[in-house]
Amino acid sequence: MLDVSHVTKKYGKVLACNDVSFHLDPGSVTVLLGPNGAGKSTIMKSIIGFLKYDGAITVAGYTNKSTDARKVLGYIPEMPALYPNLTVSEHLDFLARAYRMSDYKDKANALLDRFELSDKKKKFGDELSKGMQQKLNLCLGLLPDPKVLLLDEPMIGLDPHAIKQLKDLIEQMRADGKTLLVSTHIIDSVDMLWDRALIMQSGQIKANITRAELEATGKTLEELFFEVTEGVNQEDMQHHETESGKE
Ligand code: ADP
């Protein structure tokens with residue numbers, strides 16, 4: 001459903017993505033993990049078509065910058081880009097018009113309810129708290145019901161209620177056959193959610209593993225993460241724990 005093939009992106013001399021390739025199936029949630037600066041946002045922005053890069057990306061068989069790909073591809077950025085002079089309702093109306101959606105009001109209201117924004121419909125973008133902006137950002141990304149959805153650090157800034165609602169929605173979308181790619185640097189925030197994990201560091205994919213493959217190794221995702229990004233293996237960790245136990 002989503003194919004990333006040999007993508008390389010440089011910002012001047014900075015090699016942000018170095019020959020990145022992966023394939024994601026429908027009905028799956030993939031987490032993209034990596035320390036700050038690993039290249040996660042760069043690969044997400046490349047997929048969504050915001051950046052120029054070398055390599056090829058297809059969505060549902062269409063090249064990612066085509067109109068057909070754009071119809072099925074959604075992106076929820078880390079930083080909400082809201083209009084200060086539009087109300088919450090007007091943001092949703094505006095988006096629905098852009099996507100030529102006619103029958104969207106019930107869905108929009110259900111999303112606002114879910115994220116506890118129903119009583120904020122008449123508030124302007126610049127009257128919303130940071131968390132409310134984050135929630136409206138999610139509603140806007142979810143309203144068109146994309147087949148392939150990229151979420152960049154989606155849990156940051158959300159309260160526990162909204163995190164729970166978002167996790168439920170992600171599971172529902174997976175059950176509906178959608179393809180989800182969730183980038184984060186906070187492993188705990190996605191631990192129960194993923195089917196495949198990609199671990200990125202210094203612009204490269206250092207691990208690409210399914211939940212079943214990881215379970216077969218007996219490692220946790222966190223252990224694999226540190227092994228891959230810091231070269232720490234389990235014996236080192238045990239040693240480290242014993243050493244710190246002595247202190
Ligand atoms: P992540 O999302 O994993 O934190 P990014 O994709 O934002 O990583 O960044 C990858 C690398 O590219 C970093 O070294 C970062 O400093 C650099 N970078 C990101 N955006 C730009 C930009 N617009 N101009 C120059 N360098 C950038």
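Below, a biologist puts questions about this predicted model and a modeller answers them.

The model is predicted, so local features need pLDDT of at least 70 and side-chain atom pairs count only at pLDDT 80 or more, while totals for chains, interfaces and linings use all residues. Residues are numbered from 1 along each chain as its sequence is written, and side-chain values use heavy atoms, with hydrogens and water left out.

Biologist: Which residues have the most contacts inside the largest nonpolar core?

Modeller: A nonpolar core is a set of buried Ala, Val, Leu, Ile, Met, Phe, Trp, Tyr and Cys residues joined through side-chain atoms within 4.5 Å, where buried means under 20% relative accessible area, exposed over 50% and partly exposed in between, with a 1.4 Å probe and protein chains only. Apart from the largest core lies another of 25 residues, Val4 and Ile57 among them. In the largest core, of 45 residues, those with the most contacts are Phe115 and Leu142.

Biologist: Which helix gives the most residues to the shell around the ligand?

Modeller: A residue belongs here if one of its heavy atoms lies within 4 Å of the ligand, and the residues around the ligand include Tyr11, Pro35 and Lys40. Helices (H or I, at least four residues) and strands (E, at least two) are DSSP runs, numbered from the N terminus, and strand E2 (14-24) and helix H1 (40-48) each supply at least two residues of the shell. The one that gives the most, with three residues, is H1.

Biologist: How far from an oxygen atom of the ligand does a polar side-chain atom of Thr42 lie?

Modeller: A polar contact is a pair of N or O atoms within 3.5 Å. A backbone N or O atom of Gly39 lies 3.0 Å from an oxygen atom of the ligand, and for a polar backbone atom of Ser41 the value is 2.8 Å. For a polar side-chain atom of Thr42, the distance to an oxygen atom of the ligand is 2.5 Å.

Biologist: How many of the nine residues of H1 are buried?

Modeller: Among the buried residues of H1 are Lys40, Thr42 and Ile43. H1 is mostly covered, and the number of its nine residues that are buried is seven.

Biologist: Is Arg100 buried or exposed?

Modeller: Most residues other than glycine have a negative phi. Arg100, however, has a positive phi of about 50° although it is not a glycine, and its place is in the loop between helix H3 (88-98) and helix H4 (105-114). Because its relative accessibility is 76%, Arg100 counts as exposed.

Definitions and conventions:
Polar contact = N/O pair within 3.5 Å; in protein donor to acceptor, adjacent residues only side chain to side chain.
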